[in-house]
Amino acid sequence: MDVSLTLWVLTIVGLCALIAVDFFIGRKPHDVSIKEAGIWTVVWIVLAALFGLGLLIWGGGQAGGEFFAGYITEKSLSVDNLFVFVLIMAKFAVPTQYQQRVLLVGVLIALVLRAIFIAAGAAILASFSWVFYIFGAFLIWTAWKLIQEARADEEDEEYEENKLLKAAERRFGVADRYHGTKLWIEQNGKRVMTPMLVVMLAIGTTDILFALDSIPAIFGLTQDPYIVFTANAFALMGLRQLYFLIGGLLKKLVHLSYGLSIILGFIGVKLVLHALHESGVHVPEISIPVSLGVICAVLVVTTITSLRASRKQAEAEVAGRGEDPAKNDIDV
């Protein structure tokens, strides 16, 4: 797509306006209900769909298809991120009424960092087409790593602070308790960070690790920086509400890692084929409609098999306790 500077500015201003509205509505700390989370999840999905339809009308079928494929891929990968967000919230014992503020600011930090990654990735790909081989190989390796981690089935996984976060804590110090939504306080004559700021930084900086596979993945579907950025933006901005909506469902998505590994492996192969094609080798290329179909099919099958496996496991646990499964309400 030939995107003008004016359109870039209007898009960024529009996204900032949406974020401001989201912040204004959730400015008062409170426990987020399932109803509230559900409504806003639908709102963000509808906004993304409308934006995609706009691209379909004004940019053509290729642009629209690339956006939807990228958005769905980033959304599915972001669900996997929620597992780590749950661990971070537990690690820092974040009060439930402050969790939405933490996620909002954390996601904003992640969005800024991803914008930098996207700009760098677009510049590199525009100058060195052989980087597609590296991206493709990295995604295939990541897919294999996801399968290995899923097979390991680690039960007692805990969040470990990264080096950047530990350095900040040593440099500035951290208060011993939360002080509402304050980020800095005066303690013993010294200005120190509150746990609120620490957990926000943890959410934001942890996303750097997720961006290492999600950014190459979406570049495997489209090389248009505008589509890459907007797909990432819409996927991230609805993440806060999704956290509260499916928080209890996350543990039931037992096959999610396998599904994501298939998607990343598929896109990795697509990138390698594209790199070979760019090098003059006559190989088939995977079209966007095929990519979109494969991604959606994998997610649907993964969700269905996960819920069935979770239900069977719950029934087995009930039977093991000598109870009648028919008398128990097992939600999936």
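Is Thr73 buried or exposed? In this predicted model, Thr73 is buried, because its relative accessible area is 0% and burial requires a value under 20%. The residue belongs to helix α3, which spans residues 61–91. A polar contact is made within the chain: the Thr73 side chain reaches the backbone oxygen of Ala69 at 2.8 Å. Contacts from farther along the sequence also surround this position. Leaving aside residues up to four places away in sequence, Thr73 touches Ala217, Leu221 and three isoleucines, Ile263, Ile267 and Ile295.

The largest nonpolar core comprises 82 residues. Within this core, Phe85 and Phe92 touch the most other members. Helix α7, residues 195–219, supplies the largest share of the core, with 13 residues. The contacts of Phe85 were examined individually. With residues up to four places away in sequence not counted, Phe85 touches Leu103, Ile203 and Phe210. Leu239 and Tyr243 are also touched by Phe85.

A hairpin was also identified. Strand β1 covers residues 184–187, and strand β2 covers residues 190–193. The two strands pair in the antiparallel sense. Four bridges join β1 to β2. One bridge pairs Ile185 with Val192 of β2. Two residues lie between the strands of this hairpin. Asn188 takes a positive phi near 55° in the hairpin.

Terms used: Residues are numbered from 1 along each chain as its sequence is written. This is a predicted model: local features need pLDDT of at least 70, side-chain atom pairs count only at pLDDT 80 or more; totals for chains, interfaces and linings use all residues. Side-chain values use heavy atoms; hydrogens and water are left out. Two strands pair if DSSP finds at least two bridges between them. A nonpolar core is a set of buried Ala, Val, Leu, Ile, Met, Phe, Trp, Tyr and Cys residues joined through side-chain atoms within 4.5 Å. Buried means under 20% relative accessible area, exposed over 50%, partly exposed in between (1.4 Å probe, protein chains only). Contact means heavy atoms within 4.5 Å. A polar contact is a pair of N or O atoms within 3.5 Å; within protein, one must be able to donate a hydrogen and the other to accept it, and residues adjacent in sequence count only if both atoms are side-chain atoms.
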